[in-house]
Amino acid sequence: MTASMVERHNVTVSGATDGQVLVFAHGFGSDQKMWDRILPFLTEQYRVVLFDHMGSGGSDQAFYDSSRYSSLDAYVADLLEICAELDLGGVTLIGHSVGAMMAIAAATADQQSRIARLVLVTASPSYMNHPDDGYFGGYSSDELDELFESLDANYLVWAEAMAPVFMNVPSSPEFGRELQGSFRRINPRVARDFARVAFLSDVRHLLSRVELPVLILQSTDDVVTPEHIGTYLQERLPTSVLVRLAATGHFPQTSAPEETVNALLDYLGTPV
């Protein structure tokens, strides 16, 4: 099989052809559509590059392999290959959730210096607790075992129950239903694999090696990313800025697009 990375990952490019380049990496349970609400604020001024991780959204499922995509490395390699195939430079890489982990790893593996800065949305360097070194990411190993058991037993039931919890905007239940729809679009086998990558990856050792400017956007009452994680990241990313959003839940780009994009635009006005 032969196909370009642009084809494999359903890459879409829009916006100003001569604008700064924004590349968006979505997280678990979603696809590039998760950025839709903030795009109208960006495309007039910026060149916007969206893609679907392999196995998600409109990616070419023929190229999905469980063994290859059992670690963060494969996703990071794909991201960098997409940037190379499009010959992108001066990239602001915006990652959500596990996509933020990928952004951190990509910044340290970017031998062509295509990435200029990072924006990390509801990010965590590790969702698992590591009590031996005093790190608490939010989930014990036992809790993650239970989560994976639920996913393996019936992914769709788990997705229906957890989407509103992750979104955490009870006053607007339509957002939870939207996330349920996103979860349902993923092949359950892919979702189970990707969940393990998301919740078991650990990029804490890479933080001190990220020399690029970084914006950290942290929501309020995010059940996936505890509040202290934003401070943890800021203290360990040498040139980072932390902005705490009033938006609740793990998906502020959906539930509070204007607040999220305003924080992003304020930061993008800062020269690289």
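Asp 133, Asp 202 and Arg 204 are linked in a network of salt bridges. That is my starting point in this predicted model. How many salt bridges does the count come to? Ten. Let me take some of them one by one.

Start with Asp 78 and Arg 68. They form a salt bridge, and their closest N and O atoms are 2.9 Å apart. Asp 78 sits in helix α2, residues 72-85. Arg 68 sits in the loop between β3 (47-50) and α2, so the pair ties together parts that are ten residues apart in sequence. Is Asp 78 buried or exposed? Buried, because its relative accessible area is 4%, and the cut-off for buried is under 20%. Arg 68 is another matter. At 38% relative accessibility, Arg 68 counts as partly exposed.

Next, Asp 87 and Arg 114. This is a salt bridge too, with the closest N and O atoms 3.2 Å apart. The pair links distant parts of the chain, 27 residues apart. Where are the two residues? Asp 87 is in the loop between α2 and β4 (91-96). Arg 114 is in the loop between α3 (98-109) and β5 (115-121). Here the acid is exposed: Asp 87 has 58% relative accessibility. The base is buried: Arg 114 has a relative accessible area of 16%.

Now Glu 235 and Arg 236. Their salt bridge has its closest N and O atoms 3.4 Å apart. Glu 235 is exposed, at 58% relative accessibility. Arg 236 is partly exposed, at 36%.

On to charge without pairing. Which residues gather in a patch of negative charge on the surface? Asp 142, Glu 143, Asp 145, Glu 146 and Glu 149. Take Glu 146 from that group. Glu 146 lies in helix α4, residues 141-153. Its relative accessible area is 52%, so Glu 146 counts as exposed, the cut-off being over 50%.

Last, a residue from the inside. Val 224 is placed in the loop between β6 (214-220) and α8 (228-236). Loop or not, Val 224 is buried, at 3% relative accessibility. What is Val 224 in contact with, leaving aside neighbours within four places in sequence? Tyr 127, Gly 137, Tyr 139, Phe 166 and His 250. Ser 59 is not on that list. Val 224 and Ser 59 are 165 residues apart in sequence, and their C-alpha atoms are 26 Å apart in space.

To close, back to the network: Asp 133, Asp 202 and Arg 204, linked by salt bridges.

Conventions
Residues are numbered from 1 along each chain as its sequence is written. This is a predicted model: local features need pLDDT of at least 70, side-chain atom pairs count only at pLDDT 80 or more; totals for chains, interfaces and linings use all residues. Side-chain values use heavy atoms; hydrogens and water are left out. Patches are made of residues with over 30% relative accessible area and no salt bridge: like charges are joined within 9 Å, nonpolar side chains (Val, Leu, Ile, Met, Phe, Trp, Tyr) within 5 Å. Accessible areas come from the Shrake-Rupley method with a 1.4 Å probe; for residues, only the protein chains shown count as cover. A salt bridge is a side-chain nitrogen of Lys or Arg within 4 Å of a carboxyl oxygen of Asp or Glu. Lys and Arg count as positive and Asp and Glu as negative; His and the chain ends are not counted. The place of a charge is taken as NZ of Lys, CZ of Arg, CG of Asp or CD of Glu. Helices (H or I, at least four residues) and strands (E, at least two) are DSSP runs, numbered from the N terminus. Buried means under 20% relative accessible area, exposed over 50%, partly exposed in between (1.4 Å probe, protein chains only). Contact means heavy atoms within 4.5 Å.
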